[in-house]
Protein chains: 2
Amino acid sequence: MKCPKHVRINEVGPRDGLQNESAWVETEDKITWINMLSQTGLPYIEVTSFVHPKWIPALRDGLKVAKGITRSENTVYAALVPNRIGLERAIEGGINQACVFLSASETHNQKNVNKPIDQTVQQLKQVIAEAKEANLATRAYLSTVFGCPYEQNVPIEQIVRLSEILLEMGVDELSLGDTIGAANPVQVITVLETLLPRFSASQIALHFHDTRGTSLANIIPALDMGITSFDTSSGGLGGCPYAPGSAGNAATEDVIYMLEQMGIDTGTDLNKLLTAAAWIEKKIGKSLPSRNLQAFKTK
Amino acid sequence: MKCPKHVRINEVGPRDGLQNESAWVETEDKITWINMLSQTGLPYIEVTSFVHPKWIPALRDGLKVAKGITRSENTVYAALVPNRIGLERAIEGGINQACVFLSASETHNQKNVNKPIDQTVQQLKQVIAEAKEANLATRAYLSTVFGCPYEQNVPIEQIVRLSEILLEMGVDELSLGDTIGAANPVQVITVLETLLPRFSASQIALHFHDTRGTSLANIIPALDMGITSFDTSSGGLGGCPYAPGSAGNAATEDVIYMLEQMGIDTGTDLNKLLTAAAWIEKKIGKSLPSRNLQAFKTK
């Protein structure tokens, strides 16, 4: 297989991880944890979401978190912004990168943001344009690419069409999400074989959840096809609040262990990552899914 | 990637799984569980070990288990046998396949069986010859292929030499073990690139542990290189008794979910496998590592 020399790991635990945990983490603890993550060498940390607190109460302290953290000059600090109000708060919080989101399946988008895809696209266009005017880097999430909880398979034509729309808005990166954690390596190959002749591999990140244990396996063919950007969460945080014990995002420590062992540089310190994951695990108050974390704790 | 049409999954949970769990499982419960596994379509179940009970007390009821289970005609029932006495008990128990074991690293072999590798090889030769005389199928485990807890890296020349010795004994299958659960996909490629010009892919099985979360990822390049036999355990049983929370073998349900989603036939029923894993999890009394099991339980 072809292995890249370097891979970029995007830490989404403080946003995608906490958003899906039922536990409330105190603002000062979020800040301490993000500061620990900043010291690991991670190039990207998504620190919060500026979605209305009614929808994601776990992140209702987003502005305090964004203002409270100590920045590392080698790390980009990102946040999820659904609309102009969210963007304003992100800018106020000193966020470097604004992330918008869209579902590839109509039903999921409707349930998620209460709008059809086409209306959402119009709104995101404005947000991206304004983020760029404010000199923020930008990122778009396309969810349910590898399966939708309502529509099951999402047609590849729809993924191509929406990827094109999002990239034409000028986002710096498009993150393709396996929202329900059901993707498999052959499916990853199929999706990338369709997208890569149209878009540059350097524009695409992959965002896997480990719900069915396939997240690391899915990364293997993606590396071989030239993808060098992956989203992960500290400790594998992010299990569904209604599904105790279920896994969340691909665990940062597991992905980084694997990549570094494969001879791929991630620019991070695994021991510091394990220490940060063990710290947030205590605050969450339950065992987190990261395999390396569980092995590390017994040392 | 090249995907085989069919993959053979070797269920080692009742042996390798239970051997590494501190919980005692009652004989009748082991039998019930193995009978449930027999109904899933699994082609191979390693039901117990005939190692001296002093070494593995968790499997001291091996003969009762072997005699008590209800056989499915499509399943091979295997057991670990270290020596002639073990083989006699395996034959008495009606076992179809005798499995011997050897470490690729001298220190691990010495600590495991209290003999140097060369003496162990002489003993295994006799056991294999007698097993074949008794018309049993045979299998050899080569441990610490992907790393040793005492010697770290094991030279590839040593793995080639011992694989040759074991295959020349006439074993039907050689299972290469990642005993400490540290392997990565590039290492799998390196080992197979050395072995496959010398031995047939059909003689080799791979045996991954998920200690660091890489077990499913390791299977991907192996499939691409023509390996079609993998060892797994129900529920991912087999975490080290001294390391609570640590993962065991690659979980049967996770591997089978991934393979079937990739369009690879395993001849098994995932729902029945999940039911069997949920059943043994209750008996063990703690959450097992299988991601699909944890997702299944919340449905």
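These questions and answers go through salt bridges, two helices, one buried loop residue and the chain interface of a predicted model.

Biologist: How many salt bridges are there over all chains?
Modeller: The rule takes a side-chain nitrogen of Lys or Arg within 4 Å of a carboxyl oxygen of Asp or Glu. Applied over all chains, the count is 22.

Biologist: Which parts of chain A does the pair Arg84(A) and Glu130(A) tie together?
Modeller: The two side chains meet in a salt bridge, 2.9 Å from N to O. Arg84(A) is partly exposed at 43% relative accessibility. Glu130(A) is partly exposed too, at 24%. The residues are 46 apart in sequence, so the bridge ties together separate parts: helix H4 (residues 84-92) and helix H6 (residues 117-133).

Biologist: Is Arg139(A) buried or exposed, and what is its partner in a salt bridge?
Modeller: Arg139(A) has a relative accessible area of 0%, so it counts as buried. Its closest N and O atoms to the partner are 2.8 Å apart. That partner is Glu173(A).

Biologist: Which strands hold Arg139(A) and Glu173(A)?
Modeller: Glu173(A) is buried, at 7% relative accessibility. Arg139(A) and Glu173(A) form a salt bridge. They lie 34 residues apart in sequence, so the pair ties together strand E5 (residues 137-143) and strand E6 (residues 173-178) of chain A.

Biologist: In chain B, how many residues apart are Arg139(B) and Asp231(B)?
Modeller: Their side chains meet in a salt bridge at 2.9 Å, N to O. The pair links strand E5 (residues 137-143) with strand E8 (residues 229-232) of chain B. Both residues are buried. The separation is 92 residues.

Biologist: Which residues are linked with Arg15(A) in a network of salt bridges?
Modeller: The network lies in chain A and includes Arg15(A). The others linked in it are Asp16(A) and Glu46(A).

Biologist: What span does helix H6 of chain B reach from its first C-alpha to its last?
Modeller: H6(B) covers residues 117-133, 17 residues in total. At 1.5 Å a residue, the expected span is 24 Å. The model comes close to that, at 24 Å.

Biologist: Why do the buried residues of H6(B) lie on the same side?
Modeller: The buried set is Ile117(B), Thr120(B), Val121(B), Leu124(B), Val127(B), Ile128(B) and Ala131(B). An α-helix has 3.6 residues a turn, so residues three or four places apart point the same way. Around the axis of H6(B), the buried residues cover an arc of only 130°.

Biologist: What covers the buried residues of H6(B)?
Modeller: The cover comes from elements of chain B. It includes strands E4 (97-103) and E5. It also includes helices H4 (84-92), H5 (106-113) and H7 (156-168).

Biologist: Which residue just after H6(B) takes a positive phi?
Modeller: The phi is about 65°. The residue is Asn135(B).

Biologist: Why is helix H9 of chain A described as largely enclosed?
Modeller: H9(A) spans residues 215-224. Its buried residues include Leu216(A), Ile219(A), Ile220(A) and Leu223(A). The helix is largely enclosed by the rest of the structure because the buried residues number nine of the 10.

Biologist: Which side chains make polar contacts with the side chain of Asn249(A)?
Modeller: Asn249(A) sits in the loop between strand E8 (229-232) and helix H10 (252-261) of chain A. It is buried, at 2% relative accessibility. Residues touching Asn249(A) include Val12(A), Asp16(A), Phe208(A) and Thr232(A). The polar contacts are with His207(A) at 3.3 Å and with His209(A) at 3.4 Å.

Biologist: What area do chain B and chain A bury between them?
Modeller: The contact involves 32 residues of chain B and 32 residues of chain A. Of the buried area, 64% is on carbon and sulfur atoms. The total is about 2,600 Å².

Biologist: Which three residues supply 25% of the area that chain B buries against chain A?
Modeller: No other three residues of chain B supply more. They are Arg212(B), Tyr257(B) and Arg291(B).

Biologist: How many salt bridges does the rule find across the interface of chain B and chain A?
Modeller: Between the chains, 10 residue pairs are in polar contact. Asp210(B) and Arg291(A) meet in a salt bridge at 2.8 Å, N to O. The number of salt bridges across the interface is two.

How values were computed
Residues numbered from 1 in each chain as written. Chains lettered and ligands numbered in written order. Predicted model: local features only at pLDDT ≥ 70, side-chain atom pairs only at ≥ 80, totals over all residues. Heavy atoms only, no water. Helix = DSSP H or I, 4+ residues; strand = E, 2+ residues; numbered from the N terminus. Buried < 20%, exposed > 50% of the residue type's maximum accessible area, 1.4 Å probe, protein only. Expected span 1.5 Å × (residues − 1). Arc of directions from axis to C-beta. Contact = heavy atoms within 4.5 Å. Polar contact = N/O pair within 3.5 Å; in protein donor to acceptor, adjacent residues only side chain to side chain. Buried area = accessible area lost by both parts, 1.4 Å probe.
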